[in-house]
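Q: Got a minute to walk through this structure with me? I'd like to start with the fold and then move to contacts.

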4 protein chains.
Amino acid sequence: MKQDGKAAMNKLKKREALMQAGYELFTEKGIAHTSIADIADKAGIGKGTFYSYFEDKYDIHDHIISRKASMLFERAQKDLEKNTQIILLEDQVIFFCDHILNQLKEDKVLLRFIHRNLSWNVFTDILDNKATAFGKNIRSLIEIAIKRSDVKYRDAYGMLYLITELLGAVAYASILENKPKPIDEFKPDLFEAIRAIMKQRELQ
Amino acid sequence: MKQDGKAAMNKLKKREALMQAGYELFTEKGIAHTSIADIADKAGIGKGTFYSYFEDKYDIHDHIISRKASMLFERAQKDLEKNTQIILLEDQVIFFCDHILNQLKEDKVLLRFIHRNLSWNVFTDILDNKATAFGKNIRSLIEIAIKRSDVKYRDAYGMLYLITELLGAVAYASILENKPKPIDEFKPDLFEAIRAIMKQRELQ
Amino acid sequence: MKQDGKAAMNKLKKREALMQAGYELFTEKGIAHTSIADIADKAGIGKGTFYSYFEDKYDIHDHIISRKASMLFERAQKDLEKNTQIILLEDQVIFFCDHILNQLKEDKVLLRFIHRNLSWNVFTDILDNKATAFGKNIRSLIEIAIKRSDVKYRDAYGMLYLITELLGAVAYASILENKPKPIDEFKPDLFEAIRAIMKQRELQ
Amino acid sequence: MKQDGKAAMNKLKKREALMQAGYELFTEKGIAHTSIADIADKAGIGKGTFYSYFEDKYDIHDHIISRKASMLFERAQKDLEKNTQIILLEDQVIFFCDHILNQLKEDKVLLRFIHRNLSWNVFTDILDNKATAFGKNIRSLIEIAIKRSDVKYRDAYGMLYLITELLGAVAYASILENKPKPIDEFKPDLFEAIRAIMKQRELQ
DNA sequence: TATGAATGAGATTTCATTCAT
DNA sequence: AATGAATGAAATCTCATTCAT
């Protein structure tokens, strides 16, 4: 196990390269038509080497989803922090959702990738993910926001989960296929729905 | 035209056998690990014969989804029609959702199968599906319900789609993994969210 | 399972071709350096087809051993039947052993192949093998020989097994490496040893 | 020359560890399904380091066989020396064989390992093996025994080889599978066969 | 000297698809 | 029309060997 810093760094880089290659290929061709050889080739890494990093293509797929979804949330969180004038939790949630929809609209490849791959497990993974660029994980940031909020909500986490799922479920068809409407027309509906859900969970 | 009734019946039976076999295998092992040979074998049909019924495993998969989701909706619709005392559209929607959740709770195999497979396309397919047991398709039934309702809603179809997606997105983790809560505890939250969404879309 | 004669015949021929190819390759290069592709190629059969006949290369290897050892015994048995003037069971056994050694001396490839692969299981397989060219299996022929013999032996089958093992154990080094002596010099020793073993098991 | 005693000891220990690991793995999974990585891992030694001790897995396999077979013979020889009252060479041989069978009965792993791996070459290797715990090698001990014996045998070494082979050929199926009989029932037969072989080679 | 990450040749294995029967 | 044997491309996966550290 004696591993100097350089070697460890190199391993991380290779892992990164594999995930990036996998991400591109999975979105281009789908997991069914992507082979491990494809991924290794694109990453500039030997085929056999793949197996010291991931078990199989489903394993790397899972890891990429967590990673990508984390980044999505992190970026939204980061920008939210900059907008210190948004005070109400309800407004913060809407800002967050809007931010994510905008990211997905800009990065349709990403959208195609995480589509229908958000789940409760991934959601909690993200919340607790220590491997973020921030010092703090997202869960603790959310906790702070909930605490600071004057308005309190019944089971706030459950509520956020519900909202996340709704967002994920709806984004794909709207952004990529304009169904039932193009995302910019759909947003008002969606945000109203989200506000309605939150309102109805307000305590007192 | 030289196809007698018996032969046609036989063809239908084989198609049925293939779909049932596919349904079981896809649920057990996932589409990635199910081969056409597996399906044909389980259906007791020659491998080559598969191709006279479906193009490939993705084709049969799509058909099974439509079929299963249709049945899910049909049963709920049927029971709804029996309960003539439920008059408000909002209550009808809740009844419908509850019915579907109950079905999925009883038939976890079905849940596992349709999980992540509902989409706008499937949704509209179902609405227009002529191959139902009813004389009328579901869309026309919904149209009638909307027309009869005293309360009118902004973009009723979009609203129903939203609700469907929310339902599908949330059912899996709740029923199978009790996350974030067991479905029976989660239902009140969910139904309140749905009512909130509807309320906020009421016209006038 | 409806398989006409022609198709069944064809399957048998393919099986035969695979076994012959396997036999040649295993003796040329050893099992470790023979791949399934090699075998299929040499047999003029698709690589994938191999798997409808045998599980893996160890499976076909076992089948070839049984087959080849059977043939070895069958030929010896056949020639023994022709020599009706050899009456004593002891002489028949020696004739049998001599015949086998001669066959192995002539067919060193075969020797190399069955070397250290005779075991009690293979031995009994051979005795009961119905798939011989004869109408009768070897066991029943031996039974007849034992019954006819005036001299009776204690546990005749165990005795034959012992002799077979001794023969198999010794043949390789002697025929192929002249160790401890060339086979023709070694035979007298060996046959005397066999006669000694038999003598000492005579009853009465 | 700059190799101090400690380093040399360490090398020996590693060699030992590799052989022990190889022994266990070869017995468990067979040589075909054991990789060099497996052996090095189990020995707690780097994969690359394997190559400073052995050429490949066949090389280490050979060394283990010699080693294990040597130990088997050595132990039998040692105990034979203690029993000074066994005077006749024939009795000594039987004692020796009995001792070996008992060892194999107690150590079925060892039996499984050396099964089908005894050969004339291994036999002579053992006889001349200088790397035994004794000061003297086994061959010289046997020579002494032969010289001392009043009864003389035709080609004594060839005779011993024959007996060794018979023993090896028969031990496996009898001890592990009780075929054709459990070893304790089979022993009388076997020993009588051995005595018969020896008797018949007595000179004068 | 020892290590183990990396390699890629080559082995095994799967399976969609064809096609003679 | 139905079959399932045959195919071989392409996938997965293994592992002996090298070599920078």
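**Fold, strands and contacts**

A: Sure. Among contacts in chain A between residues at least 6 apart in sequence, 67% join residues at least 24 apart. Keep in mind that this is a predicted model.

Q: What secondary structure does chain A have?
A: Chain A has 9 helices and 0 strands. Along the sequence the pattern reads α-α-α-α-α-α-α-α-α.

Q: And what does the C-alpha trace of chain A span along its principal axes?
A: About 60 × 45 × 25 Å.

Q: How many residues are in chain A, and what percentage count as buried?
A: Chain A has 204 residues, and 31% of them count as buried.

Q: Switching to the DNA. Which residues are closest to strand E?
A: Gly46(A), Gly48(A), Gly48(C), Gly46(D) and Gly48(D) are the closest. In total, 35 residues surround DNA strand E.

Q: Which helices supply at least two residues each there?
A: Helix H1 (5–29) of chain A does, along with helix H2 (36–43) of chain B and helix H2 (36–43) of chain C. H1(A) has the largest share of the surface near DNA strand E, with 3 residues.

Q: How does that surface split by class?
A: The surface near DNA strand E has 14 polar, 13 charged and 8 nonpolar residues.

Q: Now strand F. Which residues come nearest?
A: Gly48(A), Gly46(B), Gly48(B), Gly46(C) and Gly48(C), out of the 36 residues around DNA strand F. Two or more residues come from each of helix H2 (36–43) of chain A, helix H1 (5–29) of chain C and helix H2 (36–43) of chain D.

Q: Which element gives the most to the surface near strand F?
A: H1(C), with 4 residues. By class, the surface near DNA strand F divides into 9 nonpolar, 14 polar and 13 charged residues.

Q: On to protein–protein contacts. How many residues of chains C and D are in contact?
A: 25 residues of chain C are in contact with 25 residues of chain D. On the chain C side, helix H9 (156–177) and helix H10 (183–199) each supply at least two residues. H9(C) has the largest share of that side, 11 residues.

Q: What's the class breakdown on the chain C side?
A: The side of chain C that touches chain D has 13 nonpolar, 8 charged and 4 polar residues.

Q: Staying with chain D, how do H3 and H4 cross?
A: Helix H3 (residues 57–82) of chain D and helix H4 (residues 89–106) of chain D have axes that come within 9 Å and cross at roughly 130 degrees. That angle is why H3(D) counts as oblique to H4(D). The crossing of H3(D) and H4(D) is right-handed.

Q: Which residues meet there?
A: From H3(D), Leu72(D), Arg75(D), Ala76(D), Asp79(D) and Leu80(D). They meet Gln92(D), Phe95(D), Phe96(D), His99(D), Ile100(D) and Gln103(D) in H4(D). By class, the contact of H3(D) with H4(D) has 6 nonpolar, 3 polar and 2 charged residues.

Q: Last one, Asn117(B). Where is its place?
A: Asn117(B) is in the loop between helix H5 (108–114) and helix H6 (120–128) of chain B.

Q: Why does Asn117(B) count as partly exposed?
A: Because Asn117(B) has 18 C-beta neighbours inside 10 Å, and a buried residue needs 20 or more.

Q: What does Asn117(B) touch?
A: Ile65(B) and Val122(B), leaving aside residues up to four places away in sequence. Asn117(B) and Ile65(B) are 52 residues apart along the chain, and their C-alpha atoms are separated by 7.1 Å.

How values were computed. Residues are numbered from 1 along each chain as its sequence is written. Chains are lettered from A and ligands numbered from 1 in the order in which they are written. This is a predicted model: local features need pLDDT of at least 70, side-chain atom pairs count only at pLDDT 80 or more; totals for chains, interfaces and linings use all residues. Axes are lines fitted to C-alpha atoms, for helices over the stretch in contact, and angles run from 0 to 180 degrees between N-to-C directions. Angles under 35 degrees count as roughly parallel, over 145 as roughly antiparallel, 65 to 115 as roughly perpendicular and the rest as oblique. A crossing is left-handed if the near helix is turned anticlockwise from the far one by less than a right angle, and right-handed if clockwise. Two residues are in contact if their C-beta atoms, placed from the backbone, lie within 7 Å. Ala, Val, Leu, Ile, Met, Phe, Trp, Tyr, Cys and Pro count as nonpolar, Asp, Glu, Lys and Arg as charged, and the others, Gly among them, as polar. A residue is near a molecule or strand if its C-beta atom, placed from the backbone, lies within 6 Å of it. A residue is buried if 20 or more other C-beta atoms lie within 10 Å of its own, exposed if 12 or fewer, and partly exposed in between; C-beta atoms are placed from the backbone.
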